[in-house]
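Colleague: I would like to learn how to read a few features of a structure like this one, beginning with the backbone and moving on to strands and charges. Could you take me through them one at a time?

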Amino acid sequence: MKTNYGKLTWEEVRDADKDRVVILNVSATEDHGPHMPLDTDTVLGMAVANGVAEAAPDEVLVMPPISYGFNEHHKDFPGVIWIQPETLIAFVTDVTHSLAHHGFRRILLLNSHGSNHPVLDLAARKTVIRDEIICVSASYWNLCADRINEHRKSEIGGIAHAGEFEAAMYKHLEPENVNLEKSANQNLHDPDSRFFNLDLARGGGKAMLMRWWSEVSPDGTMGDPTVADAETGEKFLAAAVEETTALVREIRALPILERTDHH
């Protein structure tokens with residue numbers, strides 16, 4: 001069976017295995033420094049989702065992406081399209097409610113934009129409550145953080161936003177759309193901070209402060225893209241696909257439980 005949800009006919013949806021994990025990538029359209037395009041989050045997130053479909057074609061369906069996210073703090077950089085969190089939650093849960101109506105019971109909200117993480121966590125929880133199905137949210141870099149650190153070339157702080165991780169993967173996928181000659185090292189990690197670790201592959205911050213992006217970044221970059229290369233990007237992407245596939249298989253194995261109202 002096809003894995004691209006948008007390519008199915010209504011009869012194929014009707015007859016599909018409803019325990020396939022439906023992957024919905026939610027990303028953003030925003031600045032990624034002078035060296036990368038606005039569509040970075042969507043390109044990378046869909047590369048992971050489609051990679052999972054190649055690895056496990058009988059276990060998933062991949063939805064068309066939602067390419068806009070919660071990122072108003074980036075709007076000082078031209079090109080950003082921002083969606084309010086309440087709007088995004090409502091939109092995503094309308095999609096998941098539609099899928100549940102058609103009988104699908106397992107959904108993965110695959111995040112590829114940092115500030116979407118709390119939004120998608122809430123959307124997944126609301127879906128579970130309303131539709132009584134399994135709905136999981138995950139940011140793909142969190143799934144493979146340990147493996148990122150096996151291959152990275154940047155110091156701590158080098159993997160945050162448009163840094164080594166994203167630049168390397170995009171360079172692997174579409175080298176013609178990445179211009180590392182325009183990149184600069186914008187590593188803002190403070191080794192004396194106990195709570196504000198800015199590196200996504202080193203656990204991120206234990207506390208959260210999201211400033212206006214133009215306050216902390218002169219060019220839309222946070223991290224070090226200057227050391228990125230396509231070979232490392234291929235390894236990063238492979239790790240993300242493998243770990244996301246492992247998550248999908250755990251989701252497939254989860255039992256569908258029945259609630260008990262004790263009133």
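Modeller: Let us begin with glutamate 132, which sits in the loop between helix 4 (117–131) and strand 4 (134–139), and please keep in mind throughout that this is a predicted model.

Colleague: What is the phi of glutamate 132?

Modeller: As a general idea, most residues other than glycine have a negative phi. Glutamate 132 has a phi near 55°, a positive value in a residue other than glycine, and with a relative accessible area of 46% it is partly exposed. Alanine 162 also has a positive phi, of about 60°, although it is not a glycine; this residue lies in the loop between strand 5 (159–161) and helix 7.

Colleague: Is alanine 162 buried or exposed?

Modeller: Alanine 162 counts as buried, because its relative accessibility is 0% and the cut-off for buried is under 20%.

Colleague: Turning to the strands, which residues of strand 1 lie on one side and which on the other?

Modeller: The general idea is that in a regular strand the side chains alternate between the two faces of the sheet. In strand 1, Val21, Ile23 and Asn25 are on one side, Val22, Leu24 and Val26 are on the other, and all of them are buried, so that both faces are covered. Since six of the six residues of this strand (residues 21–26) are buried, strand 1 is largely enclosed by the rest of the structure.

Colleague: Which strands pair with strand 1, and in what sense?

Modeller: Strand 1 pairs in the parallel sense with strand 2 (residues 60–62) over three bridges, and valine 22 stands opposite leucine 61 in that partner. Between these two strands the chain passes through helix 2 (residues 40–55), making a β-α-β crossover that is right-handed. Strand 1 also pairs in the parallel sense with strand 3 (residues 106–111), over five bridges, where valine 26 stands opposite asparagine 111.

Colleague: How many salt bridges are found in the whole structure?

Modeller: Side chains of opposite charge can pair when their charged atoms come close. A search of the whole structure finds 15 salt bridges. One of them joins lysine 75 and glutamate 72, with the closest N and O atoms 2.9 Å apart; lysine 75 is partly exposed at 33% relative accessibility, and glutamate 72 is partly exposed at 22%. Another joins arginine 147 and glutamate 243 (2.9 Å, N to O). This pair links distant parts of the chain, with arginine 147 in helix 6 (residues 145–151) and glutamate 243 in helix 9 (residues 230–253), 96 residues apart. There is also a network of salt bridges that links Asp17, Glu59, Arg249 and Arg252.

Colleague: And where is aspartate 219 placed, and which side chain of opposite charge is nearest to it?

Modeller: Aspartate 219 is in the loop between helix 8 and strand 6 (222–223). The nearest side chain of opposite charge is that of lysine 182, 11 Å away, and aspartate 219, although buried, has no salt bridge. A polar atom of the aspartate 219 side chain does, however, lie 2.9 Å from the backbone nitrogen of threonine 221. Leaving aside neighbours within four places in sequence, aspartate 219 is in contact with Gly33, Pro34, Phe77, Ala184 and Gln186.

Definitions and conventions:
Residues are numbered from 1 along each chain as its sequence is written. This is a predicted model: local features need pLDDT of at least 70, side-chain atom pairs count only at pLDDT 80 or more; totals for chains, interfaces and linings use all residues. Side-chain values use heavy atoms; hydrogens and water are left out. Buried means under 20% relative accessible area, exposed over 50%, partly exposed in between (1.4 Å probe, protein chains only). Helices (H or I, at least four residues) and strands (E, at least two) are DSSP runs, numbered from the N terminus. Two strands pair if DSSP finds at least two bridges between them. A crossover is right-handed if, with the strands pointing away from the viewer, the path from the first strand over the helix to the second runs clockwise. Lys and Arg count as positive and Asp and Glu as negative; His and the chain ends are not counted. A salt bridge is a side-chain nitrogen of Lys or Arg within 4 Å of a carboxyl oxygen of Asp or Glu. A polar contact is a pair of N or O atoms within 3.5 Å; within protein, one must be able to donate a hydrogen and the other to accept it, and residues adjacent in sequence count only if both atoms are side-chain atoms. Contact means heavy atoms within 4.5 Å.
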